[in-house]
Amino acid sequence: MTDSEKQPRTRKKPEELRSHRWYGVKDLRSFGHRSRTAQMGYDRSDYAGKPVIAIVNTWSDINPCHTHFKQRVEEVKRGVWQAGGFPVEMPAMSLSEPFQKPTTMLYRNFLAMETEELLRSYPADGCVLMGGCDKTTPALLMGAFSMDLPTVFMPAGPMLRGDWGGVVLGSGSDSWKYWAELRAGNITEDDWQGVEQGIARSAGHCMTMGTASTLTGAVEALGFTLPGASSIPAPDSRHSAMATLTGKLIVDMVWNDIKPSDIVSPEAFDNAVTTVLALGGSTNAVVHLIAMARRAGVDLTLDRFDELARRTPLLANIRPSGQHLMEDFYYAGGLRAMLARLGDLIQRDCLTVNGLTLGANIAGFKVFDDDVIRPLDNPVVASDSLAVLRGNLAPKGAVIKPPAAEPHLHRHTGKAVVFDDYNDMAARIDDPNLDVDANSVLVLRNAGPLGAPGMPEWGQLPIPKKLLQQGVRDMLRISDARMSGTSYGACVLHVAPEAFVGGPLALVRDGDVIELDIPARRLELRVGEEELARRRAEWKAPPPRFERGYGAMFSQFVSQADEGCDFKFLETGATAASATGEPEIH
């Protein structure tokens, strides 16, 4: 299939719509559905014989990244109406990254299940997924993949660049930077308040290359957004237009029966991973893309990330690995221009939601600023924007983002300073008597999927205050936690298996020598096997973190980081939507 060809499709008939079983059948249940729809003020002509489009909206009053979704959902509805569909807004858990504790990652699978069950239990023929704040993107798509109805994702878009006294601020990245300077005594409390007031200036998610922009870019490359949708800043009028076009597109997708199972493939996921690497994207993408792939029946592994990282240049000069922000990236040409520049590293014959191939969607797009989106012969780094490490400390793998670390730490050997959990770290990290120096290796354990719980973004352990005052700004840190995509530093993350289940991280003691060698992809604890066996025999499993509710289910079924942290009973291929039952009449 050439770039410009569409796959031939047999257009559905109205009686073949899934919603026809709710609205079109002449029985008592359908009477109830139609009468209750009339109760809401709709005439039968509004929905009869038309695709019912579920708009899964993750807006809430406590999610600043999605503040504009109240308006965007109306624009999506407008597009659905214009294309001859019947829009139905369905609110879902918001997963607000700044506010939800202990971590939104604990609830990613909750939203994925909610999305799947919303689509299964209601008369949806297709869906628009409204997300963007970190975990909403993978969660929504995980649920939609499992349901396998026609699906298009509408990304929230990045916020405007920050500003403080003429200094351009990047969300997250500059928070960590100036927090360190405040602790070191280099800026005042008034300065810090100025940063606080200027770092987040509009609706939209982080405008650095954090998890949000990483995942929305990956989802566009995977084929699930309108072409170019992931790059548009949230306040830009073109974002509103994109929302309406998304509403129009999903109606066409339903009639042509373009489902996730038609789009997802190993090649499409390779495109998504390659995109993450060329963007210098968040390490969180590893966990989320593996989980999404498993929902779609695609075997994506840590090793595949590493294979693609060895050949993919980092082209997006965006913080924290680079200098610019997402607003600059959009004006420089956006994701389509970067994908076009990647050439043969992108597999162009993969189908996308608009019925065209990815190659057709990016054909002819050009870069307008070679410093923001670098040429292939002048990348930010030539390869290895992400590295997968293995060794006796991480037998099932760990990840690191080399461009975000100081180069002298890419090969490093030092003595461990161990923190048993986050509270232990918080209590002791600034203790003047802490036995630590610039060569030490900070180790945080019991911060993984089960141990934390939920694998929070604790992986960027703070530099001890006494070292900050000596000018130290990076040192080797190792944990079974995650790290915000806006973070930076020599942080080894996602160590698997985690300490809470008896992984080797549980056996590390103060003073043990740890060796990191990124070029060799090695992470080793220099302790003899006999001593490790003795420690392993002494180790006792801690009690579960939860005894009831969703947390208990999470603890029972969640997988480890290298497997995507999904619930094992959901890691299957898509469920046939036609096999689902109808709700009872009430």
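The UniProt annotation "domain: Dihydroxy-acid/6-phosphogluconate dehydratase C-terminal", from an unreviewed entry, covers residues 371-565. In this predicted model, that stretch of chain is 15% helix and 20% strand, and its end C-alpha atoms are 37 Å apart. UniProt also places a feature at residues 50-360, again from an unreviewed entry: "domain: Dihydroxy-acid/6-phosphogluconate dehydratase N-terminal". Over residues 50-360 you will find 49% helix and 9% strand, with 29 Å between the end C-alpha atoms.

Now set those record entries beside the domain division of the model. The chain is split into domain 1 (11-44), domain 2 (50-160 + 202-362), domain 3 (163-199) and domain 4 (387-538). Notice that domain 2 is written as two segments, 50-160 and 202-362, and that domain 3 takes residues 163-199.

Let us turn to the place where domain 2 and domain 4 meet. Their C-alpha centres lie 32 Å apart, and 27 residues of domain 2 are in contact with 25 residues of domain 4. The size of an interface is often given as the accessible area lost when the parts come together. For domain 2 and domain 4 the buried area is about 1800 Å², and carbon and sulfur atoms give 58% of that figure. Which three residues supply the most of what domain 2 buries here? They are Thr283, Leu302 and Pro320, which supply 28% of the area that domain 2 buries against domain 4, more than any other three residues.

Pro320 deserves a second look. A cis peptide bond joins Arg319 and Pro320, with omega about 10°, and Pro320 lies in the loop between H14 and helix H15 (326-331).

Polar and charged groups also take part in this interface. Side chains of opposite charge can pair when their charged atoms come close. Between domain 2 and domain 4 the count is three salt bridges, and nine residue pairs are in polar contact, both residues at pLDDT 80 or more. Asp303 forms a salt bridge with Arg390, and the closest N and O atoms of that pair are 3.0 Å apart.

Which helices supply at least two residues each to the side of domain 2 that touches domain 4? Helix H5 (105-121), helix H13 (284-295) and helix H14 (302-309) each do so. H14 gives the most, with four residues. By residue type, this side of domain 2 divides into 11 nonpolar, 10 polar and six charged residues.

Stepping back from the interface, a search of the whole structure finds 42 salt bridges. One pair to look for is Lys12 with Asp257, whose side chains meet in a salt bridge at 3.7 Å, N to O. This pair links distant parts of the chain, as the two residues are 245 residues apart. Lys12 sits in the segment before helix H1 (20-23), while Asp257 is in the loop between helix H10 (237-256) and helix H11 (260-263).

Two further backbone details are worth a visit. The peptide bond from Ala452 to Pro453 is cis, with omega near 5°. Pro453 lies in the loop between strand S10 (441-444) and helix H19 (465-468). Finally, find Leu95 in the loop between strand S2 (86-91) and H5. Phi of Leu95 is near 55°, a positive value in a residue other than glycine.

Key. Residues are numbered from 1 along each chain as its sequence is written. This is a predicted model: local features need pLDDT of at least 70, side-chain atom pairs count only at pLDDT 80 or more; totals for chains, interfaces and linings use all residues. Side-chain values use heavy atoms; hydrogens and water are left out. Domain bounds come from an automatic or database domain assignment. Contact means heavy atoms within 4.5 Å. Buried area is the accessible area (1.4 Å probe) that two parts lose on being put together, summed over both. A salt bridge is a side-chain nitrogen of Lys or Arg within 4 Å of a carboxyl oxygen of Asp or Glu. A polar contact is a pair of N or O atoms within 3.5 Å; within protein, one must be able to donate a hydrogen and the other to accept it, and residues adjacent in sequence count only if both atoms are side-chain atoms. Ala, Val, Leu, Ile, Met, Phe, Trp, Tyr, Cys and Pro count as nonpolar, Asp, Glu, Lys and Arg as charged, and the others, Gly among them, as polar. UniProt positions are given in the numbering used here, feature names are shortened, and annotations may be inferred rather than shown by experiment.
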